[in-house]
Amino acid sequence: MYKNIKIFTDGSCIYNPGPGGCAAILQYHKHEKILTKSFFLTTNNRMELMASIIALESLKKKCSILLITDSKYLKKGITKWIYNWKKSNWKRNNKQKVKNIDLWRRLELSLINHKILWKWIKSHSSNIMNNKCDKLARISAKNPIEEDLGYIKNKK
C-alpha cells in the first residue's frame with residue numbers, strides 16, 4: 001500500500017556558483033515536514049536536484065508522490081534526458097559529460113520504491129507552497145553549513 005504525499009521543492013544559489021541552499025516541504029494529510037540543506041559552494045541546478053533528493057531519501061515507506069518543482073532542469077532531466085544520458089555513458093548530444101552525474105544517480109536511486117508524478121510550476125507565481133520553499137531555500141543559502149563535495153570533486 002502506497003502513502004499519498006505531495007512534495008514541494010526549490011533550490012537557491014547566491015551568485016551561482018556560490019553559497020547555496022535547498023528546501024523541500026512534504027505533505028501527508030494534515031502533516032507537514034520541512035527539510036533544508038545548505039552548502040558553502042555549489043550551483044543552483046545542484047540545489048534543485050538536492051531538494052528532491054533530501055525529500056525522497058527521507059521517506060521510510062513506499063509512497064505515491066506528486067512532486068512539484070519550479071525547475072525545468074530537474075523535471076526534464078529525470079523524466080526525459082536521463083534515459084539518453086545513461087545509454088550514451090552519461091554524455092550529452094554534444095558528447096560532453098553530463099553535469100551533476102553524482103546527483104542524477106542519487107536521485108534515480110531514491111525513486112526506486114515510489115510511484116512519482118513530476119509537476120512543473122512557474123516560479124514566483126501564486127503557489128503558496130512553492131513560494132514558501134523558495135524562501136526557505138534562500139534563507140538556507142545565506143547560512144551555509146557544509147561542503148558540496150560532489151561540486152568540489154567535479155571542479156578539480
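**Figure 1. Serine 12 and its surroundings.** Set aside residues up to four places away in sequence, and serine 12 touches Pro19, Gly20, Gly21, Asn44, Met47, Ala137, Arg138 and Ala141, where a contact means heavy atoms within 4.5 Å. This is a predicted model, so local features need pLDDT of at least 70 and side-chain atom pairs count only at pLDDT 80 or more, while totals for chains, interfaces and linings use all residues. Residues are numbered from 1 along each chain as its sequence is written, and side-chain values use heavy atoms, with hydrogens and water left out. Serine 12 sits in strand β1, residues 3-13; helices (H or I, at least four residues) and strands (E, at least two) are DSSP runs, numbered from the N terminus. With a relative accessible area of 10%, serine 12 is buried. Here buried means under 20% relative accessible area, exposed over 50%, and partly exposed in between, with a 1.4 Å probe and protein chains only.

**Figure 2. Glycine 21, a partner of serine 12.** Glycine 21 belongs to strand β2 and is buried, at 0% relative accessibility. Leaving out neighbours within four places in sequence, its contacts are Asp10, Gly11, Ser12, Lys37, Ser38, Met47, Ala137, Ser140 and Ala141. How far apart in space are glycine 21 and serine 140, C-alpha to C-alpha? Just 4.6 Å, even though 119 residues separate glycine 21 from serine 140 in sequence.

**Figure 3. Two cysteines without a bond.** Searching the whole structure turns up zero disulfides, a disulfide being a pair of cysteine sulfur atoms within 2.5 Å. Cysteine 22 is in none, and the nearest cysteine sulfur to it belongs to cysteine 133, 9.3 Å away. Why is there no bond from cysteine 133 to cysteine 22? Because the two sulfurs, 9.3 Å apart, are too far from each other for one. Both sites are out of the solvent's reach by the accessibility numbers: cysteine 22 counts as buried at 0%, and cysteine 133 is buried with a relative accessible area of 0%.

**Figure 4. Backbone oddities in the loop between β1 and β2.** As background, most residues other than glycine have a negative phi, and most peptide bonds are trans. Tyrosine 15 goes the other way on phi, with a positive value of about 80 degrees although it is not a glycine. Tyrosine 15 is placed in the loop between β1 and β2 and is exposed, at 75% relative accessibility. In that loop you'll also find proline 17, ahead of β2 (18-28). The peptide bond from asparagine 16 to proline 17 is cis, with omega near 5 degrees.

**Figure 5. Lysine 95, a positive phi in another loop.** Lysine 95 is in the loop between α2 (72-87) and α3 (101-110). Its phi is near 70 degrees, a positive value in a residue other than glycine. Is lysine 95 buried or exposed? At 64% relative accessibility, lysine 95 counts as exposed.

**Figure 6. The buried side of helix α3.** Ile101, Leu103, Trp104, Leu107 and Ser110 are the buried residues in α3. An α-helix has 3.6 residues a turn, so residues three or four places apart point the same way. Which elements cover the buried residues of α3? The cover includes α1 (44-57), α2 and β5.

**Figure 7. Isoleucine 116 in strand β5.** Strand β5 runs over residues 115-120 and holds isoleucine 116, which is partly exposed with a relative accessible area of 25%. Apart from neighbours within four places in sequence, isoleucine 116 is in contact with Leu56, Ile65, Leu67 and Leu111. Asparagine 131 makes a handy distance marker here: 15 residues from isoleucine 116 in sequence and 22 Å from it in space, C-alpha to C-alpha.

**Figure 8. Zooming out to the whole chain.** Five helices and five strands follow one another as β-β-β-α-β-α-α-β-α-α. The C-alpha trace spans about 45 × 35 × 30 Å along its principal axes. Of the 156 residues, 44% are buried. Among contacts with a separation of 6 or more, 69% come from residues 24 or more positions apart.
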